[in-house]
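Notebook open, structure loaded. I want the fold order down first, then the strand pairing, then the pockets.

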Amino acid sequence: MGEPETERNVLGGELEPCGTEPLTGFFRDGSCRSGPEDLGSHTVCVVVSAEFLAMQRELGNDLGTPRPEYGFPGLRPGDRWCVVAARWLQAYQRGVAAGVVLAATNERALEVVPLTALRQHAVDVPDDVSSLE
């Protein structure tokens, strides 16, 4: 069997952790790993903003309210969270996209969201990204 395949980020590197306070990810392991059971593709690592949280609530995805029964503390602006790629794209199209941590965003997000859109909202621009433009 060997080691499980390492998941990659949208820049082609190893997928870095997204957030542990609160603990994020479909698998609640702090990273935006994905798999067949992750039907929503929780693959975009974002730094949530008040505007993003408000728009998600309007769409019926209330990320701000604590849900202790799911071990979910509720998000506040500045928290990092793995969000569903299609929901991030909706926010982007409405002009309220949350900042994206590219190194922690799973390459599977690219099945839904163009890399150019993610880069426009990157909050972790590595030194070498400018040479790729």
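**Fold.** I read along the sequence and got the pattern β-α-β-α-β-α. That fits the tally I pulled up, three helices and three strands. Note to self: this is a predicted model.

**Strand pairing.** I looked up what β1 pairs with. Strand β1 covers residues 42-47 and is joined to β2 by five bridges, with the two running antiparallel. As a sample pair I noted V44, whose bridge partner in β2 is V83. Strand β3, residues 99-100, is also antiparallel to β1, and two bridges join them. Here the pair I wrote down is V46 with V100 of β3. So I have β1 paired with β2 and with β3. General reminder for when I look at the sheet: in a regular strand the side chains alternate between the two faces.

**Overall numbers.** How much of the protein is buried? I got 42% of the 133 residues. For contacts with a separation of 6 or more, 65% come from residues 24 or more positions apart. The exposed area came out at about 7400 Å², and carbon and sulfur atoms supply 51% of that.

**Largest pocket.** I put its volume at about 190 Å³. Which residues line it? My list reads T24, G25, F26, R28, H42, N61, L63, W81, C82, V83, V84 and R87. By class, that lining splits into six nonpolar, four polar and two charged residues. I also checked which element gives the most to the lining, and it is strand β2, residues 80-84, with four residues. V83 caught my eye: I had it down as the bridge partner of V44, and here it is again in the lining of the largest pocket.

**Second largest pocket.** This one holds about 150 Å³ of space. Its lining is R28, D62, L63, R67, Y70, F72 and W81. How many of these are charged? Three, alongside four nonpolar residues and no polar ones.

**Cross-check of the two linings.** I compared the lists by eye. R28, L63 and W81 appear in both the largest pocket's lining and that of the second largest pocket. H42 is among the residues lining the largest pocket, and strand β1 starts at residue 42.

**Left on the page.** For the next session I have the two pocket volumes, about 190 Å³ for the largest and about 150 Å³ for the second largest, plus the β1 pairings with β2 and β3.

Conventions
Residues are numbered from 1 along each chain as its sequence is written. This is a predicted model: local features need pLDDT of at least 70, side-chain atom pairs count only at pLDDT 80 or more; totals for chains, interfaces and linings use all residues. Side-chain values use heavy atoms; hydrogens and water are left out. Buried means under 20% relative accessible area, exposed over 50%, partly exposed in between (1.4 Å probe, protein chains only). Contact means heavy atoms within 4.5 Å. Accessible areas come from the Shrake-Rupley method with a 1.4 Å probe; for residues, only the protein chains shown count as cover. On a 1 Å grid over the protein atoms alone, a cavity is a set of points where a 1.4 Å probe fits but cannot get out, and a pocket is an open set with protein on both sides within 12 Å along at least five of seven lines; lining residues have an atom within 4 Å of a point. Grid points are joined across faces, edges and corners, and a volume is the space filled by probe spheres set on the points. Ala, Val, Leu, Ile, Met, Phe, Trp, Tyr, Cys and Pro count as nonpolar, Asp, Glu, Lys and Arg as charged, and the others, Gly among them, as polar. Two strands pair if DSSP finds at least two bridges between them.
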